[in-house]
Amino acid sequence: MTFDRPTDTRPLLFFDTGVGGLSVLAESRKLLPNAPVVYAADYAGLPYGVKSEQELASRVPALLGRLVERYQPQLVTIACNTASTITLDYVRSALDVPVVGTVPAIKPASEMTRSGVIGLLGTQATIRQPYVDRLAQEFASDRKLIRFAAPELVHAAEAKLRNEPVDPMVINQALKGLIEQADGDKIDTIILACTHFPLVVDELRKSSTRDIQFVDGSSGIARRIAFLTKSRQWPESSGSGVFVTTGDLSLIAPYRPALKAYGLHDFESL
C-alpha cells in the first residue's frame with residue numbers, strides 16, 4: 001500500500017542585494033519549475049561589494065531572520081557571492097532551515113581552461129576574501145588565477161533589468177582589467193563571481209576580442225537545491241512568485257516586466 005506525499009507549499013527563499021540572484025533562480029526553475037518562490041532583494045543595502053565584513057555579518061543574518069519568520073521557507077539560498085563568502089557561517093548558525101551559499105566557480109573553471117590562466121570578475125569584497133584563496137589553492141593550485149574587481153557590472157546588470165541600455169565602456173573596462181594584467185593575454189576562461197554578472201554575459205561575450213569561456217556557479221547551486229529538496233512533493237503548478245524588497249517598493253516599477261518574466265508577480269516590502 002502506498003501513500004501520496006502531501007504537497008509542500010513552503011517556498012524556496014532566494015536572497016540577494018538586487019536582481020543578481022535571478023541568475024540562480026532561473027537555473028533553479030529549470031529543475032524545480034513548480035516550487036513556490038520568494039525572492040528577496042536588499043535594495044536598502046545595495047551594493048554589498050563596498051561594505052565591510054562587519055557590516056554584512058551583522059546585516060545579512062538579521063534580514064534573513066526576519067524573512068524566514070515571515071515566509072517560513074523550507075530552504076534559503078544566499079544568491080550573492082559577497083554575502084555568501086562573508087556571512088554564510090553566521091547565517092547557518094542563526095537559522096533553523098537549510099541554507100545554500102554561492103561560491104565562485106573556481107573548480108569548474110580549473111577543469112575547463114586549456115591555457116591554465118583563469119580570470120575572475122567579482123566585487124571588491126569577494127575577490128579579497130581568504131575563502132577565495134582557499135578555493136584557488138584546493139582546486140586550481142596549478143593554474144594562474146587573475147582577479148579584478150568590477151562593481152560597475154552590478155549596475156550594468158541592474159540597468160539591463162530595467163530595460164535601459166548597458167554602457168559598453170563598463171563591459172570593456174571589466175575585460176581590460178583582467179586582460180591587461182600579467183599573463184592576462186593567456187586567459188581563456190573567466191569566472192563570473194557575482195550573481196549579477198551572468199545577466200550581462202551576452203554583452204561580455206560580444207565585447208571579448210577572442211574566444212573566452214564564461215562560467216558561473218548558478219547551475220551547481222540549482223542542483224544542490226534540487227538535491228536538498230528531492231523528497232518534497234511540489235504543487236502541480238508554479239503559482240505566483242513573490243518579490244520582496246527592503247527598499248522603496250515604488251522604485252521597483254521599472255523592474256516589474258523583467259521580474260514577471262522570472263515568475264515573480266506579487267510585490268511586497270519588508
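**Exercise 1. Strand 9 and its partners**

V38 stands opposite V242 in strand 9. Determine which strands pair with strand 9, and in which sense.

*Solution.* The model is predicted: local features need pLDDT of at least 70, side-chain atom pairs count only at pLDDT 80 or more, and totals for chains, interfaces and linings use all residues. Residues are numbered from 1 along each chain as its sequence is written, and side-chain values use heavy atoms, with hydrogens and water left out.

Step 1. Recall the terms. Strands (E, at least two residues) and helices (H or I, at least four) are DSSP runs numbered from the N terminus. Two strands pair if DSSP finds at least two bridges between them.

Step 2. Apply them. Strand 2 pairs with strand 9 in the parallel sense over four bridges. Strand 10 pairs with strand 9, also in the parallel sense, over five bridges; here F243 stands opposite F267.

Step 3. Follow the chain. Strand 9, helix 11 (residues 256-261) and strand 10 form a right-handed β-α-β unit. Right-handed means that, with the strands pointing away from the viewer, the path from the first strand over the helix to the second runs clockwise.

**Exercise 2. The surroundings of strand 9**

State which residues of strand 9 point one way and which the other way.

*Solution.* Step 1. In a regular strand the side chains alternate between the two faces of the sheet.

Step 2. In strand 9, G241, F243 and T245 point one way, while V242 and V244 point the other way.

Step 3. Buried means under 20% relative accessible area, exposed over 50%, and partly exposed in between (1.4 Å probe, protein chains only). Five of the five residues of strand 9 are buried, so the strand is largely enclosed by the rest of the structure.

**Exercise 3. The whole sheet**

Give the strand order of the open sheet and find which strands stand at the edges.

*Solution.* Step 1. The open sheet has six strands in the order 4-3-1-2-9-10, with parallel pairing.

Step 2. Strand 4 (99-100) and strand 10 (264-269) each have a single partner strand, so one side of each is left without a neighbour in the sheet.

Step 3. Strand 3 (residues 75-78) pairs with strand 4 over two bridges in the parallel sense. There, V76 has V99 as its bridge partner in strand 4.

**Exercise 4. The nonpolar cores**

Identify which residues touch the most other members of the largest nonpolar core.

*Solution.* Step 1. A nonpolar core is a set of buried Ala, Val, Leu, Ile, Met, Phe, Trp, Tyr and Cys residues joined through side-chain atoms within 4.5 Å.

Step 2. The largest core has 51 residues, and L121, I190, F243 and L259 touch the most other members. Helix 7 (residues 152-161) supplies the largest share, five residues.

Step 3. Another core, of 25 residues, lies apart from it; A83, V91, L95 and V242 are among its residues.

**Exercise 5. Two cysteines**

Explain why C80 and C194 form no bond.

*Solution.* Step 1. A disulfide is a pair of cysteine sulfur atoms within 2.5 Å.

Step 2. The sulfur of C80 is 6.4 Å from that of C194, its closest cysteine sulfur, which is too far for a bond. The structure holds zero disulfides.

Step 3. Consider accessibility. C80 is buried, with a relative accessible area of 7%, and C194 counts as buried at 8% relative accessibility.
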